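Visitor: Before we start, please put the sequence and the structure on the screen. I will ask how each label is earned.

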Amino acid sequence: MRYAIHVDMDAFFAAIEQRANPALRGKPVIVGGRPGSRSAVATASYEARRFGVHSGMSTSEAQRLCPQGIFLPGNSSHYLHTSVKLYKLLREFSPRVEPASIDEAYVDAEVHGNVEDFGRRIMQRIESELGLTASLGISDSKYLAKVCSPFSKPRGLTVLLRSDVPLQLWPRPVQCLYGVGEKTREQLARMGCTSVGDLARMKLPDLQGRLGRPGVALWHYARGEDCWSIITPGESPNAKSIGHEHTLHEDMFEQSRVEAVLCDLCERVSRRARRAHMAGRRLVLKLRDPNFYTTSHGRTLPRLIDSAEDLFAAARVLLQETRFWRRGVRLLGVSLQKLSDTQHTRQLCLEFDRASRQSSAVVDRINRKYGDHAIGLARSLEAKPRRRGGPVFPSFQPPSNLEGV
Ligand code: DCP
Ligand code: CA
């Protein structure tokens, strides 16, 4: 089964200080500068928290609460260094890791067997390799994993599945939900809503009227409904789309020529997507006419695509819908959006057309060996430069023997 695991290090900065200096272990360590220097507490060891010290309070206040506290200025490069080691270690458990902050990450893992054992193995590796402790929240929802990781901190492991929400989450105070700060807690309390269950049982229009859209989101969260997804660095904003565009050397009106360029663009986009192990669920066509009037036309597709054939089929429909021949084309662009990691998706046996994937894999192997335009869709040939004197680019004919390709 597939799980979202939220890993959150315990008293991160303070624990790193205690690791570096064994004399500090078991002592109330407060990171954030000297008291009286108008600095704020970044974090405190659990020994100091017993005195009421917490992140964000002034160091002077912290000293008043905990006079025996050991105040340290902190060393951000040490903390960052440990953070990188943590992400690396987590990637040994699953290739899909989303760093969420300096000491938090989400792991998207397919677990065969007992998920608590899997979680304990992660905790043990963190302890033995980093000399630090972590707390884990495990769920079939990313949001719930985040919500439950602090439930038994420090060194805690909590499993909270969507199906456990009424029994395990509803009795808890509403502020245990991520997204409920002090202000929202007060607003909810004024409506007589103090537990997660109270929130889940509220009438949605009432909540929406009082809290607006954030209220709607919280109502769904309280019922174990969310659509958060774990996004690895390769999928994050810079990789939101993979696209190519091309300014034509002359304005074009003729369907077959424009389609040839379009096909060539689709091959390029497809090649890049497959190299990045990405497939997309949305295709966007960009057109600029000879008067520099630019339009975009998008279509969300019923399944993930990454092959040149699939991209071209979708792009061609969009192109025809624009009735481009009335004004002509000066620039053409194609981009694939709503990307997903195909290594992972394929692992889950989702949505891929096997035949199309196999032929794409063959094309990739040939192009890797003989250069990017060695083989491709016949349709794009018109758009490609011909090598002088050399053979015209072959149309797609999978060789009978693929050994050595
Ligand atoms: N941090 C900070 N300023 C804050 C909050 C946090 O500089 N106001 C830093 C110090 C923390 C680190 O970020 O060690 C991680 O923040 P957490 O909120 O996860 O707190 P801790 O890891 O310290 O404690 P916990 O065990 O509660 O997660
Ligand atoms: Ca933490």
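**Labels and their cut-offs**

Visitor: What makes the pair formed by an oxygen atom of ligand 1 and a polar backbone atom of Phe12 a polar contact?
Guide: The distance in this predicted model is 3.0 Å. A polar contact is a pair of N or O atoms within 3.5 Å; within protein, one must also be able to donate a hydrogen and the other to accept it, and residues adjacent in sequence count only if both atoms are side-chain atoms. The pair with Phe12 is within the limit, so it counts. Two side chains qualify as well: an N or O atom of Thr43 is 2.4 Å from an oxygen atom of ligand 1, and one of Asp8 is 3.4 Å from an oxygen atom of ligand 1.

Visitor: How much of the accessible area of ligand 1 does the protein cover?
Guide: On its own, ligand 1 has 550 Å² of accessible area, and the protein covers 68% of that. Such areas come from the Shrake-Rupley method with a 1.4 Å probe; for residues, only the protein chains shown count as cover. Strand E1 (2–9), helix H1 (12–20) and helix H2 (46–49) are the elements that give two or more residues to the shell. Helices (H or I, at least four residues) and strands (E, at least two) are DSSP runs, numbered from the N terminus.

Visitor: Which residues come nearest to ligand 1, and how is the shell divided?
Guide: There are 13 residues around ligand 1, and Ala11, Thr43, Tyr46, Arg49 and Asp103 come nearest. A residue is near a molecule if one of its heavy atoms lies within 4 Å of it. The shell has six nonpolar, two polar and five charged residues. Ala, Val, Leu, Ile, Met, Phe, Trp, Tyr, Cys and Pro count as nonpolar, Asp, Glu, Lys and Arg as charged, and the others, Gly among them, as polar.

Visitor: How do you know that Asp8, Met9 and Asp103 coordinate the calcium ion (ligand 2)?
Guide: Asp8 (OD), Met9 (O) and Asp103 (OD) stand at 2.2 to 2.3 Å from the calcium ion. Donors are N, O and S atoms within 2.8 Å of the metal (3.2 Å for Na, K and Ca), and sites may look incomplete because water is not among the atoms. The distances are within the limit for Ca, so these atoms are donors.

Visitor: Why is the site of the calcium ion (ligand 2) called octahedral?
Guide: Six donors count as octahedral if opposite donors are over 155 degrees apart and all others between 65 and 115. The six donor atoms here make angles of 79 to 171°, and the site is classed as octahedral. Ideal values for six octahedral donors are 90 or 180 degrees.

Visitor: How are the donor residues of the calcium ion (ligand 2) spaced in sequence?
Guide: The spacing is D-M-x93-D. Asp8 lies in strand E1 and Asp103 in the loop between strand E5 (96–101) and strand E6 (104–110), so the pair ties together parts that are 95 residues apart in sequence. Both Asp8 and Asp103 are buried.

Visitor: Why is Ile5 called buried?
Guide: Buried means under 20% relative accessible area, exposed over 50%, and partly exposed in between (1.4 Å probe, protein chains only). Ile5, in strand E1, has 0%, so it is buried. Its C-alpha atom is separated by 6.5 Å from that of Ser139, 134 residues apart along the chain.

Visitor: Why does Val180 count as buried?
Guide: Val180 has 9% relative accessibility, so it counts as buried. It is in the loop between helix H7 (165–169) and helix H8 (182–190).

Visitor: Why does Lys338 count as partly exposed?
Guide: Its relative accessibility is 47%, which lies between the two limits, so Lys338 is partly exposed. Lys338 is in strand E12 (residues 329–341) and has a positive phi of about 50° although it is not a glycine.

Visitor: Which peptide bond is cis, with omega near -10°?
Guide: That is the bond from Lys153 to Pro154. Pro154 is in the loop between helix H6 (142–148) and strand E8 (157–159).

Visitor: How are the residues and ligands labelled, and what is counted?
Guide: Residues are numbered from 1 along each chain as its sequence is written, while chains are lettered from A and ligands numbered from 1 in the order in which they are written. In this predicted model, local features need pLDDT of at least 70, side-chain atom pairs count only at pLDDT 80 or more, and totals for chains, interfaces and linings use all residues, while side-chain values use heavy atoms, with hydrogens and water left out.

Note on methods:
Tetrahedral: all angles 85-135°; square planar, octahedral: opposite > 155°, others 65-115°.
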